[in-house]
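Welcome to this short tour! Open your viewer, get comfortable, and follow along one selection at a time.

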Amino acid sequence: MKVLIFETEEDAKRDAAGRLLRQIQLSPTSVLGLATGGTMEAVYAHLIQMTLHQSVSWSGVTTFNLDEYWGIPSDSPASYRTYMNAHLFDHVDITRSSTHVPASNGRDPRDAAQAYEDAISAVGGIDLQLLGIGKNGHIGFNEPTSSLSSTTRIKTLTDDTRRANRRYFDRLEDVPKYALTVGIGTILSSNECLIVGTGPEKAAAVKSMIEGPVSAVCPASALQMHRNVTVVIDEQAAQDLELMDYYQHVHPAGQEVEISDV
Ligand code: F6R
């Protein structure tokens, strides 16, 4: 894992946005895996600003979101489809039919899950998978004890996750109990992963992800098995890391260092 520790939350989120933009600049027909949540709001705000400032076109980009609540209309104010439109898609020139979010309702979530996996395979897989990390170590809605080789499926959300996402709903009772989520195996099949975590409440999960054993108890720890992962965190999220000095030595202030510069 490449561990990049930034002094502030803003620096970390700006860096993550820059990495997404560079991916599109290098490969205008990129397939991006995208995430939602509080962390990504600022990442997307920076990304929109950079896109407009540098006149980058998203017209060739395809996206697949990680997850969606199950049992609400997809145009509900709290759906992840609504979130993505508001925080990203409405502001860039992406073709709306090239943006994919798992189904939020239907007759059979298993059919919806298989259709989503098929759609990802049909475009040749994800080039760059953006991820946030839950306080309990979840990625997507792969809650602790999820199979590390899982594919897209319906998952029961933990009470902690429902409480953390309560802010998007009027009442806790309104937060759906289920979600369709891309699996950990699907995430591990992507070409590259970029995971962003900031704030002290993510410190324990970040430590387990980077330095803990690979375990379904911390789904993000499965990323230790991926060959191309960049972890972008701030100092608060990094505060429990035992090898902090090493990470900061390798990437001072989160910067990339070319071996030829050493
Ligand atoms: C949502 C998702 C989740 C979030 C995670 C962190 O699409 O993938 O795994 O990234 O729950 O959420 P925030 O950023 O709100 O702390």
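How far is an oxygen atom of the ligand from an N or O atom in the side chain of Thr-39? Select the ligand together with Thr-39, and you will find a distance of 2.5 Å between those two atoms. Keep in mind as you look around that this is a predicted model.

**Stop 1: two more contacts**

Next, select His-138. An N or O atom in the side chain of His-138 lies 2.6 Å from an oxygen atom of the ligand. Then move to Gly-140, where the backbone does the job: one of its N or O atoms is 2.8 Å from a ligand oxygen. Now show the surface of the ligand. On its own, the ligand would expose 410 Å², and the protein buries 91% of that area.

**Stop 2: the surroundings**

Zoom out a little to see where you are: the ligand sits in the largest pocket. There are 15 residues around the ligand, and those that come nearest are Thr-36, Thr-39, Asp-67, His-138 and Lys-202. Try coloring this shell by residue type. You should get four nonpolar residues, eight polar ones and three charged ones.

**Stop 3: the cysteines**

Leave the ligand and select Cys-193 and Cys-218. A disulfide is a covalent bond between the sulfur atoms of two cysteines. How many disulfides does the structure hold? The count is zero. Cys-193 is in no disulfide, and the nearest cysteine sulfur belongs to Cys-218, 14 Å away. Why does the sulfur of Cys-218 not bond with the closest cysteine sulfur? Because that sulfur, in Cys-193, is 14 Å from it, which is too far for a bond.

Before you finish, check whether these two cysteines are buried or exposed. Cys-193 is buried, with a relative accessible area of 0%. Cys-218 is buried as well, with a value of 9%.

Key: Residues numbered from 1 in each chain as written. Predicted model: local features only at pLDDT ≥ 70, side-chain atom pairs only at ≥ 80, totals over all residues. Heavy atoms only, no water. Near = heavy atom within 4 Å. Polar contact = N/O pair within 3.5 Å; in protein donor to acceptor, adjacent residues only side chain to side chain. Areas by Shrake-Rupley, 256 points an atom, 1.4 Å probe, with all protein chains shown as cover. 1 Å grid on protein atoms, 1.4 Å probe; cavity = no way out; pocket = protein on both sides within 12 Å on 5 of 7 lines; lining within 4 Å. Sits in = over half its atoms within 2 Å of the grid points. Nonpolar A, V, L, I, M, F, W, Y, C, P; charged D, E, K, R; others polar. Disulfide = S-S within 2.5 Å. Buried < 20%, exposed > 50% of the residue type's maximum accessible area, 1.4 Å probe, protein only.
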